[in-house]
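Trainee: Could you take me on a close look at the aromatic rings in this model and the strands that carry them? I would like one connected walk-through, please.

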Amino acid sequence: QVQLVESGGGLVQVGDSLTLSCTTSGRALSTYWMGWFRQAPGTELEIVATINWSGDRITYADSVKGRFTISRDSAKNVTYLQMNSLIPEDTAVYYCTAKSPTSLRYDNWGQGTQVTVSS
């Protein structure tokens, strides 16, 4: 069983920065891929960024490239999403996710944290 708890969401202004944290516990998470997804009202779930266990394989959605940075501290079991130059389109509930190396999909989810960017 894997538990994921997000924190760091909030209300910010356009151009501000925010860092989300995902604290994990449970199984051998050091081998897991970690990811951040988001969902805005009335839209589909969107994958934002992913990172493998060693941190040398990272992907980003085109909409956040150059502005967001995903990282992980395996010793502390924490995954981060540094978000810079925030825009109103980044407003969404952000979910931390995890999957084992053999899983085809992200099947462990946190409860989500709201990020609201005000113009």
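Mentor: Happy to; here is the aromatic cluster, with the strands around it. Please keep in mind that this is a predicted model, where local features need pLDDT of at least 70, side-chain atom pairs count only at pLDDT 80 or more, and totals for chains, interfaces and linings use all residues. Residues are numbered from 1 along each chain as its sequence is written, and side-chain values use heavy atoms, with hydrogens and water left out.

Let us begin with the rings themselves. A pair of aromatic rings is described by the distance of the centres and the angle of the planes. Here, rings of Phe, Tyr and Trp (its six-membered ring) pair if their centres lie within 6.5 Å; planes under 30 degrees apart count as stacked, over 60 as edge-to-face and the rest as tilted. By this rule there are 3 aromatic pairs. One of them joins Phe37 and Tyr106, edge-to-face, at 5.6 Å centre to centre with 65° between the planes. Phe37 belongs to strand β4, while Tyr106 is in the loop between β9 (92–99) and β10 (108–109), so this pair ties together parts that are 69 residues apart in sequence. Strands here are DSSP runs (E, at least two residues), numbered from the N terminus.

How buried or exposed are these residues? Buried means under 20% relative accessible area, exposed over 50%, and partly exposed in between (1.4 Å probe, protein chains only). Phe37 is buried at 11%, and Tyr106 is buried too, at 12%. Tyr95 and Trp109 also make a pair: their ring centres are 6.1 Å apart and their planes stand at 75°, so the pair is edge-to-face. This one links Tyr95 in strand β9 with Trp109 in strand β10, 14 residues apart. Trp109 is partly exposed, with a relative accessible area of 35%. Together, Phe37, Tyr95, Tyr106 and Trp109 form one aromatic cluster.

Tyr106 has a charged companion as well: the charged end of Lys99 sits over its ring, 5.9 Å from the centre. That label requires NZ of Lys or CZ of Arg within 6 Å of the ring centre and within 35 degrees of the ring normal.

Now back to Phe37 and its strand. β4 (residues 33–39) runs antiparallel to β5 (residues 46–51), with 5 bridges between them; two strands pair if DSSP finds at least two bridges. Opposite Phe37 in β5 stands Ile47. The hairpin of β4 and β5 has 6 residues between the strands, and there Gly42 takes a positive phi near 75°.

Key. Helices (H or I, at least four residues) and strands (E, at least two) are DSSP runs, numbered from the N terminus.
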